[in-house]
Every structure is written in structure tokens, then in C-alpha cells.
Amino acid sequence: MAGTRFFGAASRESFLHTVDVSPLGAAGITVVMAMVLAFMLLTAVMVQRLERAAEMERVNEALIDAIPQQIWSGPPDGTLDYCNQRWRSGTGLGLQDLRGDGWQAMLHPEDRDRVLKAWRESVATGTPYEQEERHRGVDGTYRWYLARGIPQRDVEGRIVRWYGTNTDIEARKHAEEELRRLSGQLMRVQEEERRSIARDLHDSTGQHLVLLSAALERLQSSVPPSSAQSRRLFSEAEELAAQALREVRTLSYLLYPPMLDESGLEDAICHYVEGYSKRSGVQVDVQASPDLGRLGRDKEMALFRVVQESLTNVQRHSGSRRAYIRLNRIQNRVILEIRDEGRRTGRNAESRHNVSPGVGIPSMRERVKQIGGQLDVESNSAGTTVRATIVINEETHSGTAHPGR
Ligand SMILES: Nc1ncnc2c1ncn2[C@@H]1O[C@H](COP(=O)(O)OP(=O)(O)O)[C@@H](O)[C@H]1O
Ligand SMILES: [Mg+2]
């Protein structure tokens, strides 16, 4: 290794030649310094970038928490590895509690199976997720949320992450419930009103018309045979009274079939169908489970109205000359089906699968919902099927008639 030597009277050149300050020499020092500088510069740039990234992250976090929604995200397998502060504080749980499958613990027990089934299906098929579900909050009560999830894919179409939001829809759910309660009340009031008008028409107006016919008959027989004109007038008046009586009876029956209370849904449908076939020329085949029994006034009334509206639609829209009514009981479910062999008409002629509702279909749907059931309408080239499915409990379901009006 070279040492450092000093010579008192040495020239500058000889000094330079003889003073060996570094084993690298001057060029080496320059290179080292340049490297140090470059390293420092790089470090400064890196630090700046990291600071900027941290700042961006803070801004993103703040933005994500400012959104009035719970936000979550996770890997393609359907587990969760991120949720924003709003969700964490809403549940009173930390990320360590919610991550993985931990979030499932705050689902309402009644929603759990449905939600997990839908989520598993979305994860398996890569289709967006959307469900209304109840989540337990920090105070132990449940609130309704609209949960949505969408997959993010790479260029090859593989899912790389799921991103989702939960939106609080508790107020909307309350409003819907209130609306349903009110519309149920309105329907019950309407049915009561119809019952009372039907009874007045039948028992009062109908009876008066019967008496009027009898009086006209007696008067006619008291007119001498020579007075042909008076006899003809009496005949006409009698015929008008008989026609008015028929109309009043039909109207009374359409407003509220007395048979529904007295002998149940199947008899009321059969009786209604008889008149309907005469009026419309549509042949209707009715088949019902022998063990149908009584379903309770509200359920029987709602299903009867579904038959009425569906048969009206068959006559007005389908062009079918035949219709089939099936009333089946499978364990604790009752399924009512009204099927025709017609074509789609009017505004739905072009649509392939759905009949878009006017007033009748939504009203049927609401009636069936009010009794805890579901209404489906399917339409294709073979015809239209309206299907109402309701659940019955044993208290309302009995073989005996319940109190009539
Ligand atoms: N049985 C049917 N066959 C063909 N089209 C139907 C049938 N029932 C309903 N539709 C179609 O669905 C639409 C909505 O029916 P609905 O809600 O009862 O309203 P509206 O009868 O007052 O038009 C009808 O206008 C009709 O185009
Ligand atoms: Mg209609």
C-alpha cells in the first residue's frame, strides 16, 4: 500500500507526482463524488415520491370516508381485506374483525343464507353483486343496506379485485313499509265498500226489481185483451225490469261474490268462470287440489281478484279461446296459475319474455304481496301464464268455512 511522502523544496509537479492522497487518484474521487451525489439525489426523489404517495393515500382515505357509504374491497376469492372507517365505526368492529369472512357475522340471520348464496354466485360467475340486506350496527340493532359489488379485471379479463359499497336504505325501507301498510288498508276498505254495495244491490235493489216485475205481471193480467197497445207496453216494461234484475245481479256478483265467503275459493272461481265464459266466449278449464280447504278471507279474496283480472286480460289482450286455471296446494304453499294459449298483443308484442305492466298486473302483484305471496307473469309464443304463490299457515288453513259476511 502506497504511503505519503513530503519533500521540503519539491516543485508543484513533483509534489503532485509524489503526494499520493488516495489510492483512487483524482479521477476516482470525482467518480465517487458523482456517485454519492447521484445516490443522494435518488434518495431525495424517492423520499419525495414516498411522501407524495403517503399524502395521496391520506387524501384518498379522507375522500373515501367522506362518502356517505360503506366501502369495501377484497381479492377475487370473495374474502374482504379492506373496509373504510365509516363501515368500521358503523359496526364498532375493526378491520381485523371484518376481514376475510368476518363481515358475515353482522348479517341478519334471516338474510344470511340468501346473501351468502348470491355473493358466492357472483364470485363464481364474475357477475356484479346486488342485494338488499340487514347489517347489525354498533348498538346491536339492524339496518337495511343496499350492497353492491363489481369486479375489476385485468387485460385478460381475469378478476383482480372486488370493489363494493353498502348504502343505508333504512329510511326508504320504512317508507316502503308504510306505503304497503297504507295500500293494504286501502284495499281492505275498498273490498269492504264493494261488499256493502254488492249486498245492497242484491238484497235491496234486486228485491225491489223482483217486486216490480211481479206487480207489472199482475197489472198486465188486469188489462182487457182488447187493449193491445197497453198489453204490449206492459210486456216491454216487464222485459226491462227482468233485464235490470239480471244486470244488478251480475254487477253485485262481480263486485263481491257471496260464494267466496260461503263456500270458498274453488266454488267462487267455478261460478265466476261460468258467467265469464258466457260473456266472453272463452272456454275455461278449472282444476283444484282436493285438499285445498279454506285459506282465510284475505287470501281467498286476493286470489279471486287475481283470477278476475287475469281472465279479463285473456279476453282483452290474448286472443285465446281457451284458458286454464290450476289451484294447487303443495304442503304449506298454494299455487294459483292462469294460463292462456294466446299471443302477446299491444305494447308487449315485441318483447320476448316480459309483459310490461299497465294497471292490472301491478294491482295483482300488490294484492298478492299483501298476503305474503309472490306474483310472476310469463309470456312467450305459447301464451301467457300468471302465477301467484302464497304460503299458508295451519291456523288460517282449515277444511271448515269461516264466518261469512
Ligand atoms: N293474457 C295476456 N295475453 C297477452 N298480453 C297480455 C296478457 N295479459 C297482459 N297482457 C299485456 O300486458 C299489458 C299489461 O296488462 P295490465 O297490467 O293488466 O294492464 P291493462 O290490461 O290495463 O292494459 C296489457 O296491456 C297487455 O299488452
Ligand atoms: Mg288488465
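# Briefing: two sheets, their helices and a nonpolar core

R339 stands opposite T385 in strand 10, and that pairing is a good place to start looking around this predicted model. Strand 8 and strand 10 run antiparallel and are joined by seven bridges. Stepping back, the secondary structure of the chain amounts to eleven helices and ten strands. Of its 405 residues, 19% count as buried. Among contacts with a separation of 6 or more, 55% are between residues 24 or more positions apart.

**The sheet around strand 10**

- Strand 10 belongs to an open sheet of five strands, whose order is 6-7-8-10-9 and whose pairing is mixed.
- At the edges of this sheet are strand 6 (283-288) and strand 9, each of which pairs on one side only.
- From one strand to the next, the twist averages 10°.
- Helix 9 packs on this sheet, where it touches strand 6 and strand 7. The direction of helix 9 makes about 175° with that of strand 6.
- Helix 11 lies across strand 9 and strand 10, and runs at about 145° to strand 9.

**The hairpin of strands 9 and 10**

- Strand 9 (residues 374-380) pairs with strand 10 in the antiparallel sense, over seven bridges.
- Two residues make up the hairpin connection that joins strand 9 to strand 10.
- If you would like one pair to find by eye, take V377, whose bridge partner in strand 10 is V386.

**The nonpolar cores**

- The largest nonpolar core has 30 residues. Those with the most contacts inside it are L265, L303, F304, V306, V307 and V368.
- Several elements each supply at least two residues of this core: helix 9 (265-280), helix 10 (297-318), helix 11 (360-370), strand 7 (322-330), strand 8 (333-340) and strand 10 (383-391).
- Helix 10 gives the most to this core, namely eight residues.
- A second core of seven residues is separate, and includes C83, W87, L98 and W103.
- V368 is worth a visit of its own: leaving aside neighbours within four places in sequence, V368 is in contact with A302, V306, G373, Q374, L375, A388 and I390.

**Helix 9 against helix 10**

- The axes of helix 9 and helix 10 are 11 Å apart, and the two helices pack at an angle of about 20°. Because angles under 35 degrees count as roughly parallel, helix 9 is roughly parallel to helix 10.
- The crossing in which helix 9 passes helix 10 is right-handed.
- From helix 9, the residues L265, A268, I269, Y272, Y276 and S280 meet E300, L303, F304, V307, Q308, L311 and Q315 of helix 10.
- S280, which lies in helix 9, is partly exposed because 16 other C-beta atoms lie within 10 Å.
- S280 and R316 are 36 residues apart along the chain, with 9.4 Å between their C-alpha atoms.

**The antiparallel sheet**

- Another five strands form an open sheet in the order 2-1-5-4-3, with antiparallel pairing.
- Its edge strands are strand 2 (82-83) and strand 3 (129-136), and each pairs on one side only.
- Strand 1 (residues 70-74) pairs with strand 5 (residues 159-168) in the antiparallel sense, over five bridges. W72 stands opposite G164 in strand 5.
- Helix 5 (residues 109-125) packs on this sheet and touches strand 3 and strand 4 (142-153). The direction of helix 5 makes about 145° with that of strand 3.

**Helix 6 against helix 7**

- Helix 6 (residues 170-222) and helix 7 have axes that come within 9 Å and cross at roughly 165°. With over 145 degrees counting as roughly antiparallel, helix 6 and helix 7 are therefore roughly antiparallel to each other.
- Helix 6 passes helix 7 in a left-handed crossing.
- A244 has its place in helix 7 (residues 228-255). A244 counts as partly exposed because it has 16 C-beta neighbours inside 10 Å.
- Between A244 and V210 there are 9.8 Å in space, C-alpha to C-alpha, and the two are 34 residues apart in sequence.

Conventions
Residues are numbered from 1 along each chain as its sequence is written. Chains are lettered from A and ligands numbered from 1 in the order in which they are written. This is a predicted model: local features need pLDDT of at least 70, side-chain atom pairs count only at pLDDT 80 or more; totals for chains, interfaces and linings use all residues. Two strands pair if DSSP finds at least two bridges between them. Helices (H or I, at least four residues) and strands (E, at least two) are DSSP runs, numbered from the N terminus. Two residues are in contact if their C-beta atoms, placed from the backbone, lie within 7 Å. Axes are lines fitted to C-alpha atoms, for helices over the stretch in contact, and angles run from 0 to 180 degrees between N-to-C directions. A nonpolar core is a set of buried Ala, Val, Leu, Ile, Met, Phe, Trp, Tyr and Cys residues joined through C-beta atoms within 7 Å. A residue is buried if 20 or more other C-beta atoms lie within 10 Å of its own, exposed if 12 or fewer, and partly exposed in between; C-beta atoms are placed from the backbone. Angles under 35 degrees count as roughly parallel, over 145 as roughly antiparallel, 65 to 115 as roughly perpendicular and the rest as oblique. A crossing is left-handed if the near helix is turned anticlockwise from the far one by less than a right angle, and right-handed if clockwise.
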